[in-house]
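Please study the model shown below and follow this explanation alongside it. The text proceeds from charged pairs to a surface patch and a pocket.

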Amino acid sequence: MASHYEAPIRKPLVLGDKGYHDVTVDIAAPVEGKANKHWWIVFTIALVAFLWGIGCIIYTISTGIGVWGLNKTVNWAWDITNFVWWVGIGHAGTLISAVLLLFRQKWRMAINRSAEAMTIFSVIQAGLFPIIHMGRPWLAYWVLPIPNQFGSLWVNFNSPLLWDVFAISTYLSVSMVFWWTGLLPDFAMIRDRAVKPFQKKIYSLLSFGWTGRAKDWQRFEEVSLVLAGLATPLVLSVHTIVSFDFATSVIPGWHTTIFPPYFVAGAIFSGFAMVQTLLIIMRKVCNLEAYITVQHIELMNIVIMITGSIVGCAYITELFIAWYSGVEYEQYAFLNRATGPYWWAYWSMMTCNVFSPQFMWFKKLRTSIMFSFFISIVVNIGMWFERFVIIVTSLHRDYLPSSWTMFSPTFIDIGIFIGTIGFFFVLFLLYSRTFPVIAQAEVKSILKSSGERFKNLRDAGKPLYQTPSKGGAITEKAASKEENSGADTAKVSSLLDSIGTFDADTETADDLKKVKGIGPQMEQTLNQIGIFTFAQVSKMTEKEYDLLDSITGSFPGRAQRDDWAGQAKKLNDKK
């Protein structure tokens, strides 16, 4: 039995017979190996969409904003809808990672990296729309309070549009630092495994000299908690400020105090849905089914169901406030949304955002991968319609009936939006081939408490260094007189054939803890394998190091990096 009480695992978060070395190999595989056909299919589709969008952007800038479907009445439409939609998706990514870190949720380990990367790439897409909307982006410096050919142009610091710039840029900066900090141990892992000198040099620079010392981990955890604490209120403030773009106006349907919490809830809702979409794609194209499990998908679906219900309450509250206010303009704005020319957009929004997440009450549906993927896309379609309904239906019929008109997007409007979706997935797929999409160090930290292998060992009352058989039963494998640490007999025999065996009758065991990198636990593991002397350790080469890593499954590459053989040879010579 284990030496202390371990709470039973409800459901494993890491499936299969995974040891520490297996986690490293599996997570590094998409970066070190070649892309599979699923990756190429998705990447090709995304690249075609991106190129189409590039063409539409070039046409827009070369011809003028008149190619969009805007008119004098509806002067904000498709572009601002897409801007707010992308900002909303981006804001949830870092929030998911930060809040789950602050609450110490173990299931965060498989999703935090994708969520954080989603934030960076979404905000990039959002930033494109204000730049394009300028019409002449090469004159963007006019918005800066600097001397120019027209004299001094000073920005209106009372405008919520300017608050947007500061809020979103601050959030992007904090998110990038938070994301990069979490990547440091993974960059170091790729660096240590790299074969090509160029690759090793690049990842050495990216890892900022990470060594894996206790001091590194202490600072890593402290910085992560500080950044998580900063990012969480930033999420609330940023989308609150985005909502002020509308709430500070006098347009019916916009001038309401519910917009700040309403926008924040919608951002979290759409963000969780997009993370769900990305997780389901990543688990397939990167072969990570053992780490992004049905359990993760189910937990995400529960959050989507809850946040969808909150958004539904916000919709009902809006309708109630419009009626209760007694303002006929406000009442007509909401009546027009539900029954006017854009009724189809309003009811699409209600169907996708309020009704569809309620299917997640049924366990069979929320544990279905295909259904979860479908609902995640439906939710994001619904959240796009929400922004469209808020913006267009409030503008196309306001106080002056003589100026009422309709808005219809052109193929350029649609093309730019599809292009940003393609650009987003191009960035994300390239990222998945360059950076580990799962935090391997953090997965290892929960392996003994949340891994299927260790669950089977604990249920059988066996020590945690043994290995379950393929059928799930626990078997004891001996390599010498001591129990081995989870290796099969062939690997242990091969290792001992190379470095020699220990004869307790004629030899004396050495204190292996004198070798830097070998602590009491590792010494015990080496003894269980059959390694007791400096002479044995001194005979290790790269082949034996690899064998030892696969046997122990802990701290892969540590023995080679610390040069155990060289240390042991010096200690043996001093005897």
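D511 has a relative accessible area of 32%, and it is partly exposed because this value falls between the limits of 20% for buried and 50% for exposed residues. The model in which this value was computed is a predicted one. The side chain of D511 meets that of K513 in a salt bridge, with 3.1 Å from N to O. K513 has a relative accessibility of 38%, so K513 is likewise counted as partly exposed.

This pair belongs to a wider topic, that of salt bridges in general. How many salt bridges does a search of the whole structure find? The search finds 7. Another salt bridge joins the side chains of E298 and R366, with an N to O distance of 3.0 Å. E298 belongs to helix α9, which covers residues 294–325, and R366 belongs to helix α12, residues 363–366, so the salt bridge ties together parts of the chain that are 68 residues apart in sequence. The relative accessibility of E298 is 7%, and E298 is therefore counted as buried. R366, at 15%, is counted as buried as well. These two residues also take part in a network of salt bridges, in which E298, K363 and R366 are linked.

A further salt bridge is formed by the side chains of D186 and R113, at 2.9 Å from N to O. Here, too, distant parts of the chain are linked: D186 is in helix α5 and R113 is in helix α4, and 73 residues separate them along the chain. Are D186 and R113 buried or exposed? Both D186 and R113 are buried.

Residues that are far apart in sequence can also be compared through their C-alpha atoms. T24 and I190 are 166 residues apart along the chain, while their C-alpha atoms are separated by 9.2 Å. T24 is located in helix α1, which comprises residues 20–32. With a relative accessibility of 2%, T24 lies under the 20% limit and therefore counts as buried.

The loops provide a contrast to this buried residue. F208 is found in the loop between α6, residues 197–206, and α7. Its relative accessibility is 62%, so F208 counts as exposed. The backbone angle phi of F208 is near 55°, which is a positive value in a residue other than glycine.

V143 is also a loop residue, placed between α4 and β1, the latter being residues 147–148. V143 has a relative accessibility of 46% and is therefore counted as partly exposed. Together with M134, Y141, W142 and L144, V143 makes a nonpolar surface patch of about 420 Å².

One member of this patch, M134, leads to the second largest pocket, since M134 is among the residues closest to its centre. The space in this pocket amounts to about 990 Å³. Its lining consists of 30 residues, and those closest to the centre are P130, M134, L161, L162 and V165. Which helices each supply at least two residues of this lining? They are α3 (78–102), α4 (112–133), α5 (160–193) and α7 (214–247). In character, the lining divides into 22 nonpolar, 5 polar and 3 charged residues. Two of these helices have already appeared in this account, for α5 holds D186 and α4 holds R113.

Key
Residues numbered from 1 in each chain as written. Predicted model: local features only at pLDDT ≥ 70, side-chain atom pairs only at ≥ 80, totals over all residues. Heavy atoms only, no water. 1 Å grid on protein atoms, 1.4 Å probe; cavity = no way out; pocket = protein on both sides within 12 Å on 5 of 7 lines; lining within 4 Å. Points joined across faces, edges and corners; volume = space filled by probe spheres on them. Helix = DSSP H or I, 4+ residues; strand = E, 2+ residues; numbered from the N terminus. Nonpolar A, V, L, I, M, F, W, Y, C, P; charged D, E, K, R; others polar. Patch = residues over 30% accessible without salt bridge, like charges linked within 9 Å, V, L, I, M, F, W, Y side chains within 5 Å. Areas by Shrake-Rupley, 256 points an atom, 1.4 Å probe, with all protein chains shown as cover. Salt bridge = Lys/Arg side-chain N within 4 Å of Asp/Glu carboxyl O. Buried < 20%, exposed > 50% of the residue type's maximum accessible area, 1.4 Å probe, protein only.
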